[in-house]
Amino acid sequence: MKKKKDERMSHFKRKNKKLKNEKDEPVTINVGIMRYVEEESILKPQRGKSLPIRLPKTADSEEVLKLAVAKQSLHNGNEIIHSSVKSYKLLYPDGTEVKQLKESDEALVYKDTKPFNRLTLYLCGSSEYLDY
């Protein structure tokens, strides 16, 4: 009886799964384009211009800005120029500038409400941001 039990169990061995290092795990966020509308004198996000970007959890706002400008320039080359990273600002949906991204214990969170994978950050030209 014992022999049969061992024989059956030999078919159901578990494979060792590698433990993932959570700090190296990439996070996907969306980055869109925001423009200044003179008639309404507000910054408005452009529809259909948001793209996903994969970055490490430990990324700072400068790294996110570089990756966002690079990706947007590939897809929307007539609106975003890749060579001029310093002429763009990274904004939250409410129009405030992203100064630093902090990593909490659970995940990247915006104003303690949304995780970053559910959040869309926006690129805006520095001159348009100053007009606002």
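**Exercise 1. The faces of β7**

Which residues of β7 lie on one side and which on the other, and are they buried or exposed?

*Solution.* The model examined here is predicted.
Step 1. In a regular strand, side chains alternate between the two faces of the sheet.
Step 2. One side of β7 carries Thr-120, Tyr-122 and Cys-124, and the other carries Leu-121, Leu-123 and Gly-125.
Step 3. All of these residues are buried, and both faces of β7 are therefore covered, given that buried means under 20% relative accessible area.
Step 4. The count agrees: 6 of the 6 residues of β7 are buried.

**Exercise 2. The setting of the strands**

Determine the order of elements along the chain and the sense in which β1, β3, β4 and β7 pair.

*Solution.*
Step 1. The chain contains 3 helices and 7 strands, arranged along the sequence as α-β-β-β-α-β-β-β-β-α.
Step 2. β1 runs antiparallel to β3, and 6 bridges join the two; within this pair, Val-31 is opposite Leu-51 of β3.
Step 3. β1 also pairs with β7, here in the parallel sense and over 4 bridges. Gly-32 has Tyr-122 of β7 as its bridge partner.
Step 4. β7 is joined to β4 by 4 bridges in an antiparallel arrangement, with Lys-89 opposite Cys-124.
Step 5. In contrast to the two covered faces of β7, β3 has a covered face formed by Leu-51, Ile-53 and Leu-55 and an uncovered face formed by Pro-52, Arg-54 and Pro-56.

**Exercise 3. The two sides of α2**

Identify the buried residues of α2, and explain why they line one face of the helix.

*Solution.*
Step 1. α2 has 15 residues and reaches 21 Å from its first C-alpha to its last, close to the 21 Å expected at 1.5 Å a residue.
Step 2. Its buried residues are Ser-61, Val-64, Leu-65, Ala-68, Val-69, Gln-72 and Ser-73.
Step 3. Viewed down the helix axis, the buried residues of α2 fall within an arc of 155°, so they line one face.
Step 4. Lys-66 and Leu-74, on the other side of α2, are exposed.
Step 5. The buried residues of α2 pack against β1, β3, β4 and β7.

**Exercise 4. The nonpolar cores**

Which residues have the most contacts inside the largest nonpolar core, and which elements give two or more residues to this core?

*Solution.*
Step 1. In soluble globular proteins, nonpolar side chains tend to be buried together.
Step 2. The largest nonpolar core has 19 residues, and those with the most contacts inside it are Ile-29, Val-64, Leu-90, Leu-121 and Leu-123.
Step 3. Two or more residues of this core come from each of β1 (26-37), β3 (51-56), α2 (61-75), β4 (88-91) and β7 (120-125).
Step 4. Leu-90 serves as an example: beyond its neighbours within four places in sequence, its contacts include Val-64, Leu-65, Val-98, Leu-121 and Leu-123.
Step 5. Another core, of 6 residues, lies apart from the largest one and includes Met-34, Leu-91, Tyr-122 and Cys-124.

**Exercise 5. The backbone at Ser-41**

Locate Ser-41 and describe its phi and its exposure.

*Solution.*
Step 1. Most residues other than glycine have a negative phi.
Step 2. Ser-41 is not a glycine, yet its phi is positive, about 50°.
Step 3. Ser-41 belongs to the loop between β1 and β2 (42-45).
Step 4. With a relative accessible area of 43%, Ser-41 is partly exposed.

Notes
Residues numbered from 1 in each chain as written. Predicted model: local features only at pLDDT ≥ 70, side-chain atom pairs only at ≥ 80, totals over all residues. Heavy atoms only, no water. Core = buried A, V, L, I, M, F, W, Y, C linked by side-chain atoms within 4.5 Å. Buried < 20%, exposed > 50% of the residue type's maximum accessible area, 1.4 Å probe, protein only. Contact = heavy atoms within 4.5 Å. Expected span 1.5 Å × (residues − 1). Arc of directions from axis to C-beta. Pairing = 2+ DSSP bridges.
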